[in-house]
Amino acid sequence: MVDKELVFQAQDESLVVISIGVANTLISYRQLSESSSESAGVLIGERRGVHIVIKKVSEPSLWDIRSRFMVDRVSKHHQKAVDDAFKNNNGEWQYLGEWHTHPEDVPRPSMTDYSSWHKNLKLLDSLILIIVGRTDFWVGKKTQGNIEVLKQV
Ligand SMILES: [Zn+2]
């Protein structure tokens with residue numbers, strides 16, 4: 001558990017802030033045991049100029065197909081979480097990217113992660129990608145074709 005928000009920075013000094021509630025939700029899905037499944041969802045929050053604040057995540061549901069190394073993110077409830085957050089926050093909360101877990105301490109994106117991000121995430125705005133490892137988060141920012149790894153500050 002964390003008691004402060006987590007802040008990550010890009011080379012252009014723009015920030016990505018992960019709120020305390022979101023950080024603790026993500027931590028609760030860490031793949032600590034050999035048998036635990038990979039989990040995934042979407043990131044929701046606000047864009048404040050160049051900065052991004054992640055306020056909410058969608059969580060795996062019974063309808064997600066979960067396995068240790070693969071996860072199917074197509075469940076409609078992830079889209080519904082985005083739609084509901086948009087409606088309930090005057091249109092200021094929006095889809096910001098995706099998260100998933102890895103069964104490793106310090107996570108690194110796989111080739112499959114990179115190819116799926118390049119293929120499936122086509123938004124012109126920057127998107128945030130989070131991988132939840134057992135001891136660390138990996139946070140990346142995709143701006144069109146480029147994926148930059150962000151540093152925790
Ligand atoms: Zn992955």
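Reader: What percentage of the 153 residues of the chain count as buried?
Author: Keep in mind that this is a predicted model, where local features need pLDDT of at least 70 and side-chain atom pairs count only at pLDDT 80 or more, while totals for chains, interfaces and linings use all residues. Numbering starts from 1 along each chain as its sequence is written. A residue is buried with 20 or more other C-beta atoms within 10 Å of its own, exposed with 12 or fewer, and partly exposed in between, the C-beta atoms being placed from the backbone. On that scale, the buried share of the 153 residues is 31%.

Reader: And what is the radius of gyration of the chain?
Author: The C-alpha trace spans about 40 × 35 × 30 Å along its principal axes. The radius is taken over C-alpha atoms, and the globule rule is 2.2 Å times the number of residues to the power 0.38. For 153 residues, that rule puts a compact globule near 15 Å, and the chain agrees with it at 14 Å.

Reader: What pattern of helices and strands does the chain follow along the sequence?
Author: Both kinds of element are DSSP runs numbered from the N terminus: helices are H or I with at least four residues, strands are E with at least two. The count comes to three helices and nine strands. Read along the sequence, they give β-β-α-β-β-α-β-α-β-β-β-β.

Reader: Which strands stand at the edges of the sheet?
Author: Strands pair if DSSP finds at least two bridges between them. The nine strands form an open sheet with mixed pairing, in the order β8-β7-β6-β5-β3-β4-β2-β1-β9. Two of them have a single partner strand each, so one side of each is left without a neighbour in the sheet: β8 (146-149) and β9 (151-152).

Reader: Over in β2, which residue is the bridge partner of Val7?
Author: β1 (residues 6-9) and β2 (residues 15-18) pair in the antiparallel sense over four bridges. Within that pairing, the partner of Val7 is Val17.

Reader: Is Glu13 buried or exposed?
Author: Glu13 lies in the loop between β1 and β2. Its phi is positive, near 75°, though the residue is not glycine. With 9 other C-beta atoms within 10 Å, Glu13 is exposed.

Reader: What about β7: how many of its seven residues are buried?
Author: β7 (residues 137-143) pairs in the antiparallel sense with β6 (residues 127-132) over six bridges. β7 also pairs with β8, again antiparallel, over four bridges. The strand is mostly covered, and its buried residues number five.

Reader: Which residue in the hairpin of β7 and β8 takes a positive phi?
Author: Thr143 stands opposite Asn146 in β8, and the hairpin has two residues between the strands. The residue in question is exposed, with 12 C-beta neighbours inside 10 Å. It is not a glycine, yet its phi is about 50°; it is Gln144.

Reader: Which residues does Asp136 touch beyond four places in sequence?
Author: Asp136 is in the loop between β6 and β7, and these strands are joined by a hairpin through four residues. Asp136 counts as partly exposed, with 13 C-beta neighbours inside 10 Å. Contact calls for C-beta atoms, placed from the backbone, within 7 Å. By that test Asp136 touches Asp105, Val106 and Pro107.

Reader: Which element gives the largest share of the largest nonpolar core?
Author: Such a core is a set of buried Ala, Val, Leu, Ile, Met, Phe, Trp, Tyr and Cys residues joined through C-beta atoms within 7 Å. Here it holds 30 residues, and Leu26, Leu43, Ile44, Leu96, Ile128 and Ile130 touch the most other members. Two or more residues each come from β2, α1 (20-28), β3, β4, α2, β5, β6 and β7. The largest share, six residues, comes from β6.

Reader: Against which strands do the buried residues of α1 pack?
Author: Val22, Ala23 and Leu26 are buried in α1. They cover an arc of only 100° around the axis (from the directions that run from the helix axis to the C-beta atoms), which puts them on the same side of α1. An α-helix has 3.6 residues a turn, so residues three or four places apart point the same way. The strands packed against are β1, β2, β4, β5 and β6.

Reader: At what angle does α2 run to β3?
Author: Helix α2 (residues 76-88) lies across β3 (40-48), β4 (51-57) and β5 (94-101). From β3, Ile44 has contacts that include Ala81, Val82 and Ala85. Axes are lines fitted to C-alpha atoms, for helices over the stretch in contact, with angles from 0 to 180 degrees between N-to-C directions. The angle of α2 to β3 is about 25°.

Note on methods: Contact = placed C-beta atoms within 7 Å.
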